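Reader: I have a structure to study and do not know where to begin. Could we go through it together?
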Amino acid sequence: LKDADGIIVQTGHQQKVLRENFQKDSTLLRPSFRLSEENQWSNDFILWVGQAWTIKRPWIVLELARRFPKEKFVMIMPPADEGLVGAIKDEFTEIQKYFNRAKLVLNTSVHEGFPNTIHQAAMGKAPYVSLTWDAGQYLEKTGVGVCAHGDVNKMVALISEYLIEPTFMHETGERAYRNFLEKHDIAIVIEDLKAVIQNVV
């Protein structure tokens, strides 16, 4: 980090930590994702996707499922194996189909950088409900989802609000999709990345 001519970060929090701990400036670039070609949507279940790591806290989803016995929950949890990265990439289209069928997408991690599942949820037009993560108040500022700030009971209440008001859930999902197209499609962000590289060179 100290020898780098340029550093790119995904969140304002990362930018702050670099400045405080390493006295290094950085460039904040919006996290990006390639737009999925999958374009059929439905609201079949509540979805959680994550690696089988303790920091992901998948057991909380089981508690949420108990709180909402009438709702269908789907968990996709590959083993924590680095060799799976390539396989997961190859299976992206299949995984995105689950996001496109989700009515809500959950995040129960202790901490994240910037979770790719936010973009996958947005492409699936599904609101994002996070237990803890909301770096730089991203969810609050964009309106693509909500954060319970570590309170499981609050997360239950937030999920209930979406389930009770399908119109609210639909509007949030549409907002997330538009936000992705306008700010996070890799075709847009790549131009900013080019400018950063040219500036360093």
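Author: Let us begin with a definition: a crossover is right-handed if, with the strands pointing away from the viewer, the path from the first strand over the helix to the second runs clockwise. Please keep in mind that this is a predicted model.

Reader: Which elements make a right-handed β-α-β unit here?
Author: The unit is made by strand 5, helix 5 and strand 6. Strand 5 covers residues 102–107, helix 5 covers 116–123, and strand 6 covers residues 128–130.

Reader: How many bridges join strand 5 to strand 6, and do they run parallel or antiparallel?
Author: Three bridges join these two strands, and they run parallel. One pairing to look for is asparagine 107, whose bridge partner in strand 6 is serine 130.

Reader: What about strand 3 and strand 5, how many bridges are there?
Author: Strand 3, residues 45–49, is joined to strand 5 by four bridges, and this pair runs parallel. Here isoleucine 46 has leucine 104 of strand 5 as its bridge partner.

Reader: Is strand 5 buried or exposed, then?
Author: Six of the six residues of strand 5 are buried, so the strand is largely enclosed by the rest of the structure. Buried here means under 20% relative accessible area.

Reader: New topic: cavities. How many of 30 Å³ or more does the structure hold?
Author: The structure holds one. The largest cavity contains about 30 Å³ of space.

Reader: Which residues line the largest cavity?
Author: The lining consists of Ile118, His119, Ala122, Tyr138, Val144, Ala176, Asn179, Phe180 and His184. By class, six of these are nonpolar, three are polar and none is charged.

Reader: And which helix gives the largest share of that lining?
Author: Helix 8 does, with four residues. Helix 5 and helix 8, the latter spanning 166–184, each supply at least two residues of the lining. Helix 5 is thus a element to remember twice, as it also belongs to the β-α-β unit.

Reader: Switching again: how many salt bridges does the structure hold?
Author: There are ten salt bridges. One of them joins aspartate 44 to arginine 101, with the closest N and O atoms 2.8 Å apart. This pair links distant parts of the chain, 57 residues apart: aspartate 44 is in the loop between strand 2 and strand 3, and arginine 101 is in the loop between helix 4 and strand 5.

Reader: Are those two buried or exposed?
Author: Each counts as partly exposed. Aspartate 44 has 36% relative accessibility, and arginine 101 has 35%.

Reader: Which residue forms a salt bridge with arginine 66?
Author: Arginine 66 pairs with glutamate 63, and their closest N and O atoms are 3.4 Å apart. Both residues lie in helix 2, three residues apart, about one turn of the helix. Arginine 66 is exposed at 57%, whereas glutamate 63 is partly exposed at 28%. In addition, Glu63, Arg66 and Arg67 are linked in a network of salt bridges.

Reader: What does glutamate 191 form a salt bridge with?
Author: The partner is lysine 194, and the closest N and O atoms are 3.4 Å apart. These two residues both lie in helix 9, residues 186–200, and are three residues apart, about one turn of the helix. Glutamate 191 is partly exposed, with a relative accessible area of 44%, and lysine 194 is partly exposed at 42% relative accessibility.

Key
Residues numbered from 1 in each chain as written. Predicted model: local features only at pLDDT ≥ 70, side-chain atom pairs only at ≥ 80, totals over all residues. Heavy atoms only, no water. 1 Å grid on protein atoms, 1.4 Å probe; cavity = no way out; pocket = protein on both sides within 12 Å on 5 of 7 lines; lining within 4 Å. Points joined across faces, edges and corners; volume = space filled by probe spheres on them. Nonpolar A, V, L, I, M, F, W, Y, C, P; charged D, E, K, R; others polar. Buried < 20%, exposed > 50% of the residue type's maximum accessible area, 1.4 Å probe, protein only. Pairing = 2+ DSSP bridges. Salt bridge = Lys/Arg side-chain N within 4 Å of Asp/Glu carboxyl O.
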